[in-house]
Structure formats: structure tokens, C-alpha cells
Amino acid sequence: MITPATAAPSPRLSASAPSTGYAVKSPLPGTVLAIKVKVGDRVTTGQTLLVLEAMKMENNIDADRGGVVKEISVQQGATVMEGDNLIVIE
């Protein structure tokens, strides 16, 4: 029998809630060649945010939606893995 004093605490969603906004994630591993926006820039759907080199090819990473760039999580020359957060748009 588990008493309330020994029961494991339930997880709190607010403690691990992501920051507001939409995170643009890296679709594949590579190196950031160029960042085309800066924090505070207004972007539109389809606008190129950064250029990622992967397997000797340059890949434009475009905005899936419009908004304002809230955060840039990488810098030019950084190596990123698939799924890494690159930019947050709010």
C-alpha cells in the first residue's frame, strides 16, 4: 500500500514548458554557414533564415510561418545535429 507521503510526486508541466514561440529545428546534421536574420527581425513564411551545409550541399532553412525572431540558438560555424533548435519565431 502506498501512502500519500511516500507516493512519487506528479510531474509539473509548467516546470518544463518550452519558451513561447515556434522553434525552427535542424532537419539534418550539418554546419551553419550563414545566418540571414537577427533577433527582432520580422520574417514571412518561406523566408530563408539560415544556410546549413550538409554532405557538401548548401541547404536553405526557411521559415514555416511568419512572425518575429525571438531567439537565435546557433552561431555561424556551429555544428548542429538533426532536431537541434536553430531559431525561435514568435
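Four strands form an open sheet, ordered β5-β4-β2-β7, with antiparallel pairing. Strands count as paired when DSSP finds at least two bridges between them. Strands themselves are DSSP runs of E with at least two residues, and helices are H or I runs of at least four residues, both numbered from the N terminus. The edges of the sheet are β5 (57-62) and β7 (79-80). Each has a single partner strand, so one side of each is left without a neighbour in the sheet.

The model is predicted: local features need pLDDT of at least 70, side-chain atom pairs count only at pLDDT 80 or more, and totals for chains, interfaces and linings use all residues. Residues are numbered from 1 along each chain as its sequence is written, and side-chain values use heavy atoms, without hydrogens and water.

The pairings in the sheet were resolved strand by strand. Six bridges connect β4 to β5 in antiparallel fashion. Four bridges connect β2 to β4, also running antiparallel. Two bridges connect β2 (residues 30-35) to β7, again antiparallel. Individual residues trace a path across these strands. Glu58 in β5 is opposite Glu53. Glu53 in β4 is in turn opposite Thr31. Thr31 also faces Thr79 in β7.

The protein contains eight strands and zero helices. Its elements therefore read β-β-β-β-β-β-β-β from the N terminus, given that helices and strands are taken as DSSP runs. Buried residues (under 20% relative accessible area; exposed is over 50%, partly exposed in between; 1.4 Å probe, protein chains only) make up 23% of the 90 residues. The protein exposes about 6200 Å² (Shrake-Rupley method, 1.4 Å probe, with only the protein chains shown counting as cover for residues). Carbon and sulfur atoms supply 54% of that area. Contacts (heavy atoms within 4.5 Å) with a separation of 6 or more were also counted. Of these, 56% involve residues 24 or more positions apart.

The largest nonpolar core has 15 residues. Such a core is a set of buried Ala, Val, Leu, Ile, Met, Phe, Trp, Tyr and Cys residues joined through side-chain atoms within 4.5 Å. Val43, Leu49, Leu50, Leu86, Ile87 and Ile89 touch the most other members. The elements giving two or more residues to this core are β4 (48-54) and β8 (85-89). Strand β4 has five of its seven residues buried, so the rest of the structure largely encloses it. Ile87 has contacts beyond its neighbours within four places in sequence. These partners are Tyr22, Ala23, Val24, Val37, Leu49, Leu50, Val69, Glu71 and Ile72.

The hairpin of β4 and β5 has two residues between the strands. Met55 lies in this loop between β4 and β5. Lys56 is found in the loop between β4 and β5 as well. Most residues other than glycine have a negative phi. Met55 instead has a positive phi, near 50°. Lys56 also takes a positive value, near 65°. Met55 is exposed, with a relative accessible area of 74%. Lys56 is exposed too, at 80%.

Leu28 sits in the loop between β1 (22-25) and β2. At 24% relative accessibility, Leu28 counts as partly exposed. Leu28 touches Leu52, Ala54, Val80, Met81 and Glu82, leaving out residues up to four places away in sequence. The C-alpha atoms of Leu28 and Met55 are 9.8 Å apart, with a sequence separation of 27 residues.

Two salt bridges are present (side-chain nitrogen of Lys or Arg within 4 Å of a carboxyl oxygen of Asp or Glu). One joins Lys38 to Asp41, with the closest N and O atoms 3.4 Å apart. Lys38 counts as exposed, at 55% relative accessibility. Asp41 counts as partly exposed, at 21%. A salt bridge also joins the side chains of Glu90 and Lys70, at 3.7 Å from N to O. This pair links distant parts of the chain, 20 residues apart. Glu90 belongs to the segment after β8, and Lys70 to strand β6 (residues 67-72). Lys70 is partly exposed, with 34% relative accessibility.
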